[in-house]
Amino acid sequence: MKTINTNKSSAPPFQENNPIEWLRQNFFSTWYNTLLTIILLSIITKGITGFISWATTQAEWEVIKVNLPLLMVGRYPKDQYWRIWLIVSIISSLSGFSWGIIARNSATLFSQPVLIFLAVIPAILLLIPVTTPFKLLLIGIVILVISTAWVGKILGKKIPNIGKYISFIWFIAFLLIIWLIGGGLGLKSVSTNDWGGLMLTILMAIVSIFLSFPLGILLALGRQSKLPVIKIFSIGYIEIIRGLPLISILFMGQIMIPLFLPDGMRPDRILRAILGLTLFSSAYLAENIRGGLQSVPRGQTEAAKALGFNTPLALGLIVLPQALKVAIPSIVGQFISLFQDTTLLSIVGLSELLRMSRSILAQPQFLGDYAEVYLFNGILFWIICYAMSIGSRQLEKKLNTDH
């Protein structure tokens, strides 16, 4: 009978995994790695200390404190600000509720990274240069998100099928938000000329994303169609739009669209800008989705047809779900790019965040405060884009796209 030697000498060496050992292996393994680490650390430390010194002693944050309403909502009437806070509350409540529904089967709703993030947000809110009532309202919004997330998790466990209605609830909320912003039907109407700031930037991006996504799917399917007319039209549209800069499409939307309409009919500037963003983004989304469609094996379609599925059902139930799962990173990347492209709307006369920033910098008392204003804008854009990126990763994890 063969025996197995179980001496300690035959066991694999145990590698100590402590912070000091990790730093030594990754940053100080050789003399040139050590030198490079020291140089880079000194540069980074000097940059951070210099920025903190500028932000705390030299920066004139009064420009943000005084003009914060303009940056957020433009020239929206002050007596109607309650609508904006109601909209923020609706979005925060639904965000927390959706978070709780999605994480209903998780062991803990508030993991360590989430708790750290929730602790950092109030600290940042207390440091930003805004009035005390505004800080309290923002902290209240954070508390609202946490409480609705807890409620969503409880309801998700009691009513497992409630997750199916989240998309419908968001759609109803979107219609309610549009009504609150624009007024009418019992509310005071607010002209679109008074819409501006971050509110207009986010609204334009969301509506354009909502419209360009289904159009991109149709174009991607049309490019793979066996019908020559549909295929040629889809290919022509995609290649022509992708060959044009966005700014030219926006100018055509603002100037040329009214030329093809009857006299006296002139669509709103915001509608024309949304049309331009939608047409531009749908062409790029079509190629992203087409890449996902090509990753689905042909056997999936053949198996669906063997089971009696017709072409629309095979596409809608078998092919598209798999293709969209694969294309999630590129689709979200296009959405982030579309959100950033809204800054071009200032060139065509819309008072989005960048245009409002320029108007603020034209005020005599704030001439030269470019760094403060653009830094604040950059932080806002980064927070929103990073939130979209986190949502994308969580969706990928939920759908198990790596398996």
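How many residue pairs are in polar contact across the interface of domain 1 and domain 2? The rule finds 0 such pairs, counting residues where both are at pLDDT 80 or more. This is a predicted model.

## Two domains

The domain assignment splits the protein in two. Domain 1 covers residues 77-189. Domain 2 is made of 196-367 and 383-402. The C-alpha centres of the two domains lie 25 Å apart. Where they touch, domain 1 contributes 6 residues to the contact, and domain 2 contributes 6 residues.

## What the interface is made of

About 490 Å² is buried between domain 1 and domain 2. Carbon and sulfur atoms give 88% of that area. On the domain 1 side, three residues stand out: Ile102, Phe174 and Ile181. Together they supply 62% of the area that domain 1 buries against domain 2, more than any other three residues.

Charge pairing is absent here too: the count between domain 1 and domain 2 is 0 salt bridges. Which elements give two or more residues to the side of domain 1 that touches domain 2? They are helix H4 (81-102) and helix H7 (166-182). H7 gives the most, with 4 residues. By class, this side of domain 1 has 6 nonpolar residues, with no polar and no charged ones.

## The annotated stretch

The UniProt record, an unreviewed entry, carries the annotation "domain: ABC transmembrane type-1" for residues 198-392. In the model, the chain over residues 198-392 is 76% helix and 0% strand. The end C-alpha atoms of this stretch are 22 Å apart.

## Salt bridges

How many salt bridges does the rule count? The count comes to 7. One of the salt bridges is formed by Arg223 and Glu239. Their closest N and O atoms are 3.1 Å apart.

This pair links distant parts of the chain. Arg223 belongs to helix H8 (residues 197-223). Glu239 belongs to helix H9 (residues 228-242). The two residues are 16 residues apart.

Note on methods
Residues numbered from 1 in each chain as written. Predicted model: local features only at pLDDT ≥ 70, side-chain atom pairs only at ≥ 80, totals over all residues. Heavy atoms only, no water. Domains from an automatic or database assignment. Contact = heavy atoms within 4.5 Å. Buried area = accessible area lost by both parts, 1.4 Å probe. Salt bridge = Lys/Arg side-chain N within 4 Å of Asp/Glu carboxyl O. Polar contact = N/O pair within 3.5 Å; in protein donor to acceptor, adjacent residues only side chain to side chain. Nonpolar A, V, L, I, M, F, W, Y, C, P; charged D, E, K, R; others polar. UniProt positions renumbered as here; feature names shortened; annotations may be inferred.
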